Amino acid sequence: MKKLLASLERAGKLAENAALLVLLGTMIGVSVFQIVNRQLLGGSFSLSWADELVKMIVLWLAMVGSIAASRDNKHIRIDLITHILSGTIVAWIKIVVDLFAAGVCAMIGWQAWRLVREEMSWGDMILGELPLWIAHAIVPAAFILISYRFFVRVLTLLHGILKPQEAAA
Amino acid sequence: MILVSLILLVLAVLGAPLFAIIATSAMMGFHSSDTELMTIALELMSIAQMPILTAIPLFTFAGYLLSESKAPQRLVRLTNALFGWMPGGLALVCLAACAFFTAFTGASGVTIIALGAILYPALKQDGYSDRFNLGLVTSSGSLGLLFAPSLPLILYGVVAEVSIDDLFRAGILPGLAMLVMLSGYSIWVNRDNRKPMGSFSLREVGAALREAVWELPLPVVVLGGIYSGFFAVSEAAAITALYVFIAEVLINREIAWRELPRITRDSMVLVGGILMILGVSLASTYYMIDTEVPQKLLGLVAELVSSPTSFLILLLIFLLILGAILDIFSAIVLVVPLILPIAAGFGVNEVHLGIVFLAAMQLGYLTPPVGLNLFIASYRFEKPIMHVYSATFPFLIILLLSVILIAFWPALSLFLV
């Protein structure tokens, strides 16, 4: 079980890195090509989809970056408590705030999923052929994953408090 | 509603992720005004409708690449060759190099780690007191926020819907004023530390220039491109990212290919954090505008103060307190939509407001309880936090004076716009 979880974690991190590399690389490539096309080639290629694609990549980078931020525990917080308190009380406070964050993310994920379901019925398209809801599906997916990450952190913290020897080992 | 706000405030101070706090308050607002809760997702998805936002991941990636290469060393060598011979020269080198570097890395604490590690021992060797060094390096770490293409400038432009080109121009003179005042203080403090004037060597300047030959076009491309109107900001960002990648990975080969996934991840984690806060605050701003919160605030403030001058005083006090608790990115997305209409009511120019806002928030990096630079310096140089705080205090006062100057001399910001 532990082994399965560990390899799941590794696979998750790899997937995030791969997605970020592809998204960022595509963004740089398409943006630079557009400039070259306009300034040097006199706009000889028609790239009506390029602007739309780059803007959609920003949303995807934001979402995948947020998933990665929750894995690395790097979401922006007011980092005061760890500087003035220490010991078990800090762990309990972390449990409370992360449980709260897990709940909020689950709620946002659910609302985003409802919205995406509605978009399925509207049938809007972007980039020519791609249904809009597929491009937007990253939002509910990301929030469900972020919620899961916060929940895992809560469990890890609880484990650390209740069974300190085992957690240290 | 008041009880819920209070609970959220407590959770925020206890360290709950700020995006979750903002999202909750937005959803509570939607719920109480019978707005469909899905609106929060709709606002998040509108991240994909702001073309200027592409600049944020691109500049961040370029900044992280630069800080992982040996560009910081080359930058220090070059500024040292240019200014090092003057009295107090190395302190000036520190200020100039840090400001330049922070403009590209967006004041995320990277500057202290990348440049401080080189400058701190060098200053010590040059006979500056330890206390002075610590204060100088810590406060230099957020200098340069006002210079293009810093992330907070771009984010303010996005949130306030102000031309980012104008902001880039407006930041130049106030940023220089901060540099000059800190330089003056550094020279004055070290007036007794007289050393024989170092010699200015054209040969060393030439060698430093040759070494940095691949980075030198960077400011020309970015700043020249943007200021001349040849590139849009997001285009300059794409060019910068590609250029830095080619220079540091392909030509200088200081970053191995296998390091790229980690560097990409580190930079995009920051981007994810910033854009997430921006996304949820779009939702909370939507609610606040909908319920006319800014107008009510304006009415309240108008009862307290009557002139633009007293408004600016009140604003500065508010921003200094805000900066001490909240990081600069959260402060921009949360507070700017609220104070923009109020400032307009008092006839404060929105570009000038942006410069004042960022200059004041820069002090937040150095003020307890949550000054980021204080903690990074304490950790990096292994000094107790109280020691870092007291060493930084004189610099904080100088910066405070510069913020007051910037606030009450609008022409300084608006002269180049």
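Me: How do helix 4 (residues 55–68) of chain B and helix 15 of chain B cross?
Reply: Their axes come within 9 Å and cross at roughly 140°. Axes here are lines fitted to C-alpha atoms, for helices over the stretch in contact, and angles run from 0 to 180 degrees between N-to-C directions. Helices are DSSP runs (H or I, at least four residues), numbered from the N terminus. This is a predicted model, where local features need pLDDT of at least 70 and side-chain atom pairs count only at pLDDT 80 or more, while totals for chains, interfaces and linings use all residues. Residues are numbered from 1 along each chain as its sequence is written, chains are lettered from A and ligands numbered from 1 in the order in which they are written, and side-chain values use heavy atoms, with hydrogens and water left out.

Me: What do you call the arrangement of helix 4 and helix 15 of chain B?
Reply: Helix 4 of chain B and helix 15 of chain B are oblique to each other. Angles under 35 degrees count as roughly parallel, over 145 as roughly antiparallel, 65 to 115 as roughly perpendicular and the rest as oblique.

Me: Which residues of helix 4 of chain B meet helix 15 of chain B?
Reply: Helix 4 of chain B brings Ile56(B), Pro57(B), Thr60(B), Phe61(B), Tyr64(B), Leu65(B) and Glu68(B). On the helix 15 side, the partners include Leu260(B), Ile263(B), Ser267(B), Val271(B) and Leu275(B). Contact means heavy atoms within 4.5 Å.

Me: Now across chains: at what angle do helix 1 of chain A and helix 14 of chain B pack?
Reply: Helix 1 (residues 2–39) of chain A and helix 14 (residues 233–251) of chain B pack at about 115°, with their axes 9 Å apart. That makes the two helices roughly perpendicular. Chain A contributes Ile28(A), Ser31(A), Val32(A), Ile35(A) and Arg38(A) to the contact, and chain B contributes Glu235(B), Ala238(B), Ile239(B), Ala241(B) and Leu242(B).

Me: Changing topic, backbone oddities. Is the Ala148(B) to Pro149(B) peptide bond cis or trans?
Reply: The bond is cis, with omega near -5°. Pro149(B) lies in the loop between helix 8 (130–140) and helix 9 (151–160) of chain B.

Me: And what is phi of Glu161(B)?
Reply: Phi of Glu161(B) is near 55°, a positive value in a residue other than glycine. Glu161(B) lies in the loop between helix 9 and helix 10 (164–170) of chain B, and at 70% relative accessibility this residue counts as exposed. For accessibility, buried means under 20% relative accessible area, exposed over 50%, partly exposed in between (1.4 Å probe, protein chains only).

Me: Where is Arg253(B)?
Reply: Arg253(B) sits in the loop between helix 14 and helix 15 (260–290) of chain B. Its phi is near 50°, positive in a residue other than glycine, and Arg253(B) is exposed, with a relative accessible area of 68%.

Me: What follows helix 4 of chain A?
Reply: Gly123(A) does, with a positive phi near 75°.

Me: Last topic, Ser186(B): buried or exposed?
Reply: Ser186(B) is buried, with a relative accessible area of 0%. It lies in helix 11 (residues 172–189) of chain B. Not counting residues up to four places away in sequence, Ser186(B) touches Ala91(B), Leu95(B), Phe132(B), Leu136(B) and Phe395(B).

Me: How many residues apart are Phe395(B) and Leu363(B) in sequence?
Reply: They are 32 residues apart in sequence, with 9.8 Å from C-alpha to C-alpha. Leu363(B) is in helix 19 (residues 350–363) of chain B and counts as buried at 4% relative accessibility. Leaving aside neighbours within four places in sequence, Leu363(B) is in contact with Leu320(B), Leu396(B), Leu399(B), Leu400(B) and Val403(B).
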